[in-house]
Amino acid sequence: MRVFIFFLFMCCYCFSANASQEEKCISVATYGAIPDDGKDDTEALRRAVEYCRKHVGVTLKIPSGVYCLRDSRAIQLEEDVLSGKMGNDPEKTIFTPYYPYVRGLDFSGSDSLVVDAQGAVLLCEGWMEPISLNDCHNVTIKGLTIDYKRKPLSQGIIQQVKEESFTVKFDDRREITENIPITRMTIWDDECDGFYGSAFYFPERKLLGNNLVEFKAQIPARLQGAKLAALHSFHFRPAILIQNSKQITLDGVTIHSQPGMGIVGFDSSDIFLYHLSVTPAPGYQFSTNTDATHFACCRGVIRFDGCFFHGQGDDATNVHGYYHSIKELKDGYATLKLEAPTFTHAQVTDVPQVGDKMELVRISTLVPEGEYEVLDVKHAGKSVEVRVRLNGDIPSNIHDYYLFNVSKLPRLEFVRNVVWGQMARGVLVKTRGVLIEGNVFRGCSGSAIHVGAESYWKEGTFSKDVTIVGNVILNCGSSGGTFGASGIAVGIDAPDTELTKLHENMIIRDNTIITNQNNECGIAVYNARNVELSNNRIEGCQKEIVFHSVEGVTMK
């Protein structure tokens, strides 16, 4: 009898354990999302995601195939933008603090989640944020591809080049009208195997019929036959938002297009990007409208390993914190406001935490003149201002200073990646503790690697402990490059940098820089101290290396 009872108990236990195990691994097919059937999968996908949000330790299976992610509000926004209702620069409306937007699949609050989506494609209809990771912990997304049924840009081929204009035949996937916004046009230049050095902003157009458009601008005759992208927005929501989250891994994720950036990480820590691919969809030469990735106010480490970037409208990555204006001193609190041209790229306020360290930075030089600890923070709702109480007195001439949160500066590791042809820089560095090693940069319109704070964008800070080693840089800097550098530029963008020496402890070693752009130099080092340069091969530039306002430079 005892044996029978024990056997019955074990059977019940095993059945319960198996049932529990099944609940830990679910498939979107269970909720009705069937790939490649041409049906709208949105509600089924959202039900599966909702289950993941409510349960810890789930593996979500998204079988291979194409899924339609469609939202009527997102479609309406897209139609409003393309009809001209948002004006010729939609960013001024749709990329502002706390502007409402559609989240495609909202994983916010998920804990210990694995999304296994090898071969799965989210085909979005309507301008949205396809994947939202807010307040998440230990989330991994594998193999997912994000694309748009209607790209947020139009692609054409340059048919004729005249002295003061050129004509473009756009493909028939979208009609170019008088009202459709064209914020910027970029051209693929075979000469550098990347973007042509000049972009064209808000170009004057003349419709010639049959989607043939004449633009007033001067370009070289050799660009006849080149592919051109006309963007219909600058920034909007990213394809993937990582916000207030920890331990996020994207492995084998692909982003083909987005009316904004590919990935934005904000106020998060420990983000790992393995084999990420931000590349054009088949039949296109251009991918995301702006940065492939962008990380602000993060902590821990951000690591790129084995990633591929191609054809995006701005940097492959930009890692930084923010310079905050001091608006008022009252009742022991300093009121801070971020006055960056586009606010934060998550469009929410950058709020310090108690215990954070903040540097007092002179605006004219970006030189720190003091450090404080945050004792208390006051921030209400969607206010773009935040009040902080610090453990010391701030000078009364507050308009001469910024406050910068040095606790929100992650280590950056950018290794074994390929950056091939995009607008602006490959890697833009404004953080401390940096390794850029074993990468290939090709056809970037700006310098391949730029280390430098930028006061106009309110993005900083200066960098320490930077190693740039073993990179191959080909035909970059078609726009001239920062400080004239094709390969590597180190410096500070501030009103007065004549005597500023901020970047420190840098190793630039074993890099190959070759260009046919006749740049002023291969490497430019400005505003730095304790810099070692050794075994760098530089060809095709007027000078190998130029210096300005430096000390402690070692050449080997």
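I call a residue buried under 20% relative accessible area, exposed over 50%, and partly exposed in between, using a 1.4 Å probe and protein chains only. With that rule I looked up Val418, which is partly exposed because its relative accessible area is 31%.

**Ground rules.** I am working on a predicted model, where local features need pLDDT of at least 70, side-chain atom pairs count only at pLDDT 80 or more, and totals for chains, interfaces and linings use all residues. Residues are numbered from 1 along each chain as its sequence is written, and side-chain values use heavy atoms, with hydrogens and water left out.

**Val418 and its patch.** I placed Val418 in strand E34 (residues 418-422). Helices (H or I, at least four residues) and strands (E, at least two) are DSSP runs, numbered from the N terminus. Val418, Val440 and Val472 make a nonpolar surface patch of about 160 Å². Patch members have over 30% relative accessible area and no salt bridge; nonpolar side chains (Val, Leu, Ile, Met, Phe, Trp, Tyr) are joined within 5 Å, like charges within 9 Å. The areas come from the Shrake-Rupley method with a 1.4 Å probe, and for residues only the protein chains shown count as cover.

**Helix H3.** Next I took H3, residues 72-82. Its buried residues are Ala74, Ile75, Leu77, Glu78, Asp80, Val81 and Leu82. I asked what covers them. The cover includes strand E3 (65-70), helix H4 (91-94) and strand E6 (120-125). Contact here means heavy atoms within 4.5 Å.

I then checked the two ends. Asp71 caps the N-terminal end of H3, with a side-chain oxygen 2.9 Å from the backbone nitrogen of Arg73. A polar contact is a pair of N or O atoms within 3.5 Å; within protein, one must be able to donate a hydrogen and the other to accept it, and residues adjacent in sequence count only if both atoms are side-chain atoms. After H3 comes Gly84, with a positive phi near 95°.

**Strand E24.** In a regular strand the side chains alternate between the two faces of the sheet. I looked at both faces of E24 (residues 293-296) and found both covered. Thr293 and Phe295 are buried on one side, His294 and Ala296 on the other. Strands pair if DSSP finds at least two bridges between them. E24 pairs with strand E21 (residues 263-266) in the parallel sense, over 4 bridges. Gly265 has Phe295 as its bridge partner in E24. E24 also runs parallel to strand E27 (residues 317-330), joined by 2 bridges. There, Phe295 stands opposite Val319.

**Salt bridges.** I count a side-chain nitrogen of Lys or Arg within 4 Å of a carboxyl oxygen of Asp or Glu. That rule gives 40 salt bridges. I noted three.

- Lys151 and Asp147 meet at 3.5 Å, N to O. Both Lys151 and Asp147 are buried.
- Asp356 and Arg299 meet at 3.1 Å, N to O. Asp356 lies in the loop between strand E28 (333-337) and strand E29 (357-362), and Arg299 in strand E25 (residues 299-305), so the pair ties together parts that are 57 residues apart in sequence. Asp356 is buried because its relative accessible area is 4%. Arg299, at 21%, counts as partly exposed.
- Glu539 and Arg537 meet at 2.8 Å, N to O. Glu539 is partly exposed at 36% relative accessible area. Arg537 is partly exposed at 42%.

I also found a network: Glu50, Arg53, Lys54, Arg103 and Asp106 are joined by salt bridges that share partners.

**Three residues in strands.** Is Glu214 buried or exposed? Glu214 counts as buried because its relative accessibility is 16%. I found Glu214 in strand E16 (residues 212-216). The side chains of Glu214 and Ser165 share a polar contact of 3.0 Å. Leaving out residues up to four places away in sequence, Glu214 also touches others, including Lys162, Phe166, Glu204 and Arg205.

Thr335 lies in strand E28. At 7% relative accessibility, Thr335 is buried. Beyond four places in sequence, its contacts include Ser325, Ile326, Glu385 and Val386.

Ala489 sits in strand E42 (residues 485-490). Its relative accessibility is 0%, so Ala489 counts as buried. Outside the residues up to four places away, Ala489 touches Ser447, Ile449, His450, Val451, Thr482, Phe483 and Ala524. I checked Ala489 against Asp147, 342 residues apart along the chain: their C-alpha atoms are separated by 33 Å.
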